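This briefing concerns a single protein chain and is intended for a reader who has its sequence and coordinates at hand. Please consult the display below alongside the text.

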Amino acid sequence: MKKIKLLVMSMTVMMIAAMTPSVMAQDVQQLERDIEQHEKNIKEKEAAIKDLEEKIDDMKSQLKELENQKKALEKELKNEVKMRKDKFTTRDGLVYDQEIVDVLYSPYNKSDVEDALDSFQGMETKDVIKKKELIEKYGEYTKDLKEFLEKFKSQLSANHWKYLSSTSELYKKFEKGLKGTKYWKIYNKKEKSESIDYLDRVMDKIMLFKNDGLKNEVQFNDALNMLYAN
C-alpha cells in the first residue's frame, strides 16, 4: 500500500514538473483577457443602464407635461360645458317666453298648442322642458273641466240656482267633483309650481261661485263660457 501511495505522489510531482513556464503564462493571459472582457461588458451595461435612466427621466418629464396639459384641457372642457349650458338655458328661456308661454294665457286652441309643442324641439333646459306637460295636457284639462261644469249645470238649474250651504248634499258633491278634476292638483299648487294661467282664472271663478253658495248663475256661466272660448 505504501508503495502505491509513493508511486502516485511521484507521478503528481512529475506532472507538475512537466508544466513549462510558457504554458502557465498562457493560462494567466487567458484569464486576464477574460477579466478585461468582463470589465468591458460591465462598462457597456452600466452605460446602457445610464442611457435608459436618462430616457426614463425624460419620459417622466414628458408624462408630467402631458398630465399638466390634460388637466388644463379638462378645466377648459368644464368651462365650455358650463358656458354651453348657460347659453342653452338663456336660449330655451327666450324661446319659451317668445313662442310658448302665451299659449298658457289664452283659451285652449289646438293649433296654437301644437305650434308651442314644436318649439320645445331641441331644448335641453330641464326647468323649461318640464313645463311641456302642462301644454300637452291643456286640451285634456279644458275638456275635463267643461264636462264637470256641464254635469252640474242641470242639477243647479233644477235647484233654481238657490243658495246651498256647505252641508248640503249637492254642495258636497260639487266640491268633491271639483277636487276630482284633472286640473285641480295643478291649480291647488299654483303658488309653488307652474300652472296654466288661463285655467287658473277659470278655476278662480268656479271657486268664487262655490264659496257664494252655488247660487250665482252668471258666475257659473262666465266660467263655463271661458272653456268654450275657442
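The points that follow treat the overall form, the largest pocket, and selected residues in turn.

The model is a predicted one. The chain contains 10 helices and 0 strands. Its radius of gyration is 50 Å, well over the 17 Å that the globule rule gives for 230 residues, so the chain is more spread out than a compact globule.

**Overall form**

- Read from the N terminus, the order of elements is α-α-α-α-α-α-α-α-α-α.
- The C-alpha trace extends over about 155 × 50 × 25 Å along the principal axes of the chain.
- Of the 230 residues in the chain, 26% are buried.
- The chain exposes an accessible surface of about 17100 Å², and carbon and sulfur atoms hold 55% of that area.
- Among contacts with a separation of 6 or more, 66% join residues that are 24 or more positions apart.

**The largest pocket**

- The largest pocket encloses about 270 Å³ of space.
- Its lining consists of Lys-130, Lys-131, Glu-133, Leu-134, Lys-137, Tyr-141, Lys-185, Ile-186, Lys-189, Ser-193 and Glu-194.
- Two helices, α5 (132-136) and α8 (184-188), each contribute at least two residues to this lining.
- By class, the lining residues of the largest pocket comprise 7 charged, 3 nonpolar and 1 polar.

**The loop between α6 and α7**

- His-160 is situated in the loop that connects α6 (138-158) with α7 (169-179).
- The phi angle of His-160 is near 60°, which is a positive value in a residue other than glycine.
- His-160 has a relative accessibility of 59%; the threshold for exposed is over 50%, and His-160 therefore counts as exposed.
- Trp-161 is also placed in the loop between α6 and α7.
- Trp-161 likewise has a positive phi, near 55°, in a residue other than glycine.
- Trp-161 has a relative accessible area of 11% and is therefore buried, the limit for that class being under 20%.
- Ser-165 belongs to the loop between α6 and α7, and its relative accessibility of 29% makes it partly exposed.
- Ser-165 and Gly-180 are separated by 15 residues in sequence and by 20 Å in space, C-alpha to C-alpha.

**Leu-104 and its surroundings**

- Leu-104 occupies the loop between α2 (21-100) and α3 (110-118).
- With a relative accessible area of 1%, Leu-104 is buried.
- Residues up to four places away in sequence aside, Leu-104 touches Tyr-96, Ile-135, Glu-194, Ser-195, Ile-196, Asp-197 and Tyr-198.
- One of these contacts, Glu-194, is also listed in the lining of the largest pocket.
- From Leu-104 to Lys-64 the C-alpha distance is 57 Å, and the two residues are 40 apart in sequence.

**Lys-75 in helix α2**

- Lys-75 is located in helix α2 and, at 65% relative accessibility, counts as exposed.
- Lys-75 and Glu-191 are 116 residues apart along the chain, and their C-alpha atoms are separated by 40 Å.

**Thr-181 between α7 and α8**

- Thr-181 lies in the loop between α7 and α8.
- Its relative accessibility is 6%, and Thr-181 therefore counts as buried.
- Beyond residues up to four places away in sequence, Thr-181 touches Asp-144, Leu-145 and Phe-148.

**Gln-219 in helix α10**

- Gln-219 is part of helix α10, which covers residues 217-226.
- Gln-219 counts as buried at 15% relative accessibility.
- Apart from neighbours within four places in sequence, Gln-219 is in contact with Leu-208, Phe-209 and Asp-212.
- For one of these partners, Phe-209, the C-alpha atom is 5.9 Å from that of Gln-219, and the two residues are 10 apart along the chain.

Methods:
Residues are numbered from 1 along each chain as its sequence is written. This is a predicted model: local features need pLDDT of at least 70, side-chain atom pairs count only at pLDDT 80 or more; totals for chains, interfaces and linings use all residues. Side-chain values use heavy atoms; hydrogens and water are left out. On a 1 Å grid over the protein atoms alone, a cavity is a set of points where a 1.4 Å probe fits but cannot get out, and a pocket is an open set with protein on both sides within 12 Å along at least five of seven lines; lining residues have an atom within 4 Å of a point. Grid points are joined across faces, edges and corners, and a volume is the space filled by probe spheres set on the points. Helices (H or I, at least four residues) and strands (E, at least two) are DSSP runs, numbered from the N terminus. Ala, Val, Leu, Ile, Met, Phe, Trp, Tyr, Cys and Pro count as nonpolar, Asp, Glu, Lys and Arg as charged, and the others, Gly among them, as polar. The radius of gyration is taken over C-alpha atoms; the globule rule is 2.2 Å times the number of residues to the power 0.38. Buried means under 20% relative accessible area, exposed over 50%, partly exposed in between (1.4 Å probe, protein chains only). Contact means heavy atoms within 4.5 Å. Accessible areas come from the Shrake-Rupley method with a 1.4 Å probe; for residues, only the protein chains shown count as cover.
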